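Student: Got a minute to go through this one with me? I'd like to talk about pockets, charge pairs and the surface.

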Amino acid sequence: MTIDWSWIGDHTDDLTTLTISHLQAALTAVLLGVLISLPLAVIAHRIRPLRGFLLGLSNVLFTIPSIAIFVLLLPVSGLTRTTTVIGLTVYTLVVLLRNTVEGLDSVPVKVKEAAKAMGTRPLRTLLTVEFPLALPVIMAGVRIATVMSISLVSVATYIGDGGLGQLFTDGFQRNFPTPVIAGVVLTLLLAVVADAALVALQYVLTPWRRRRA
């Protein structure tokens, strides 16, 4: 299997456009997943009877094959980027919701009682005490969800989207391995760079862990 380097040189603009499109779809899905999972995780953490239901529902949604969920969304959002983002968001929820709940569970009870004794309101305690202490576990979920989304974007090629996944289709249809190899390498690079960026972000957001170390 050989690489046609001239093809890569001639299609640099196309590769850049597909890479940006791929990353936008993945990050949008993760951001929406975070915005949805945070309030649901608080509910699951505070209201125990709903915990099993919410986590179970996210697990059920995760079992739906990726192609199937895109097809099911077609009557609603059509052959658009919206279909891709909704499908990817659904898959992020199982990781983000569970990790956020576990992060909130990991906050020591004594810390929350101390905040309450100081007269801190529940909402402020959640935002300034519980979420910051739960952040390492939450960020672990965000990292997994981000890498997973980057890998799944390519499946959306079947509905006319897919970012770098279009290179796979093009290469296979023409029996031309160069686009396939380029798509695989760029997808891996996106995942590695995104994960490293999130590690750096967590490092910045958790200064108390650095002082402890």
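**Pockets, pairs and a patch**

Tutor: Start with the largest pocket: α7 gives the largest share of its lining, 7 residues. Keep in mind that this is a predicted model.

Student: Which helices each supply at least two residues of that lining?

Tutor: Three are on that list: α2 (12-46), α7 (122-152) and α9 (177-205).

Student: What volume does the largest pocket have?

Tutor: About 280 Å³.

Student: And how many residues line the largest pocket, and which lie nearest its centre?

Tutor: The lining has 15 residues. Nearest the centre are Val34, Ile138, Met139, Val142 and Leu201.

Student: How does that lining divide into nonpolar, polar and charged?

Tutor: It has 14 nonpolar residues and 1 polar one, with no charged residues.

Student: OK, next pocket. What is the volume of the second largest?

Tutor: The second largest pocket comes to about 200 Å³.

Student: How do the residues of its lining divide?

Tutor: The second largest pocket has 5 charged, 3 polar and 2 nonpolar residues in its lining.

Student: Which residues line the second largest pocket?

Tutor: Arg46, Val109, Lys112, Glu113, Lys116, Gly119, Thr120, Pro122, Thr125 and Glu130. Two elements give two or more residues to this lining, α6 (109-117) and α7. The largest share is from α6, with 4 residues.

Student: Let's switch to charge pairs. How many salt bridges does a search of the whole structure find?

Tutor: The search turns up 6. One of them involves two residues from the lining you just asked about: Arg46 and Glu130 both line the second largest pocket. Glu130 pairs with Arg46 in a salt bridge, and their closest N and O atoms are 2.9 Å apart.

Student: Which helices do Glu130 and Arg46 lie in?

Tutor: Glu130 is in helix α7 and Arg46 is in helix α2, so the pair ties together parts 84 residues apart in sequence.

Student: Is Glu130 buried or exposed?

Tutor: Glu130 is buried, with a relative accessible area of 3%. Its partner Arg46 is partly exposed, at 43%.

Student: Where else do side chains meet in a salt bridge?

Tutor: Arg51 and Asp105 make one, at 2.5 Å from N to O. Arg51 sits in helix α3 and Asp105 in helix α5 (residues 81-105), so this pair links parts that are 54 residues apart in sequence. Asp105 is partly exposed, with a relative accessible area of 30%.

Student: Which residues are linked with Arg51 and Asp105 in a network of salt bridges?

Tutor: Arg48 is linked with them in that network.

Student: What about Arg143, which residue does it form a salt bridge with?

Tutor: Asp195 is the partner, with the closest N and O atoms 2.7 Å apart. Arg143 lies in helix α7 and Asp195 in helix α9, so the pair ties together parts 52 residues apart in sequence. Arg143 counts as partly exposed, with 28% relative accessibility.

Student: Now the surface. Which residues make the nonpolar surface patch?

Tutor: Ile43, Ile47, Leu50, Phe53 and Leu57 make it, and the patch covers about 430 Å².

Student: Which helix gives the most to the nonpolar patch?

Tutor: Helix α3 (residues 48-63), with 3 residues. Phe53 has its place in helix α3.

Student: Why does Phe53 count as exposed?

Tutor: Its relative accessibility is 54%. The cut-off for exposed is over 50%, so Phe53 qualifies.

Student: Last topic, the loops. Where is Asp161 found?

Tutor: Asp161 is in the loop between α7 and α8 (165-174). Asp161 counts as buried, at 10% relative accessibility.

Student: And what separates the C-alpha atoms of Asp161 and Glu113?

Tutor: They are 50 Å apart, for two residues separated by 48 along the chain.

Student: Which residue has a positive phi although it is not a glycine?

Tutor: Asn175, with a phi of about 55°. Asn175 is found in the loop between α8 and α9.

Student: Is Asn175 buried or exposed?

Tutor: Exposed, with 71% relative accessibility.

Note on methods
Residues numbered from 1 in each chain as written. Predicted model: local features only at pLDDT ≥ 70, side-chain atom pairs only at ≥ 80, totals over all residues. Heavy atoms only, no water. Patch = residues over 30% accessible without salt bridge, like charges linked within 9 Å, V, L, I, M, F, W, Y side chains within 5 Å. Areas by Shrake-Rupley, 256 points an atom, 1.4 Å probe, with all protein chains shown as cover. Salt bridge = Lys/Arg side-chain N within 4 Å of Asp/Glu carboxyl O. Buried < 20%, exposed > 50% of the residue type's maximum accessible area, 1.4 Å probe, protein only. 1 Å grid on protein atoms, 1.4 Å probe; cavity = no way out; pocket = protein on both sides within 12 Å on 5 of 7 lines; lining within 4 Å. Points joined across faces, edges and corners; volume = space filled by probe spheres on them. Nonpolar A, V, L, I, M, F, W, Y, C, P; charged D, E, K, R; others polar.
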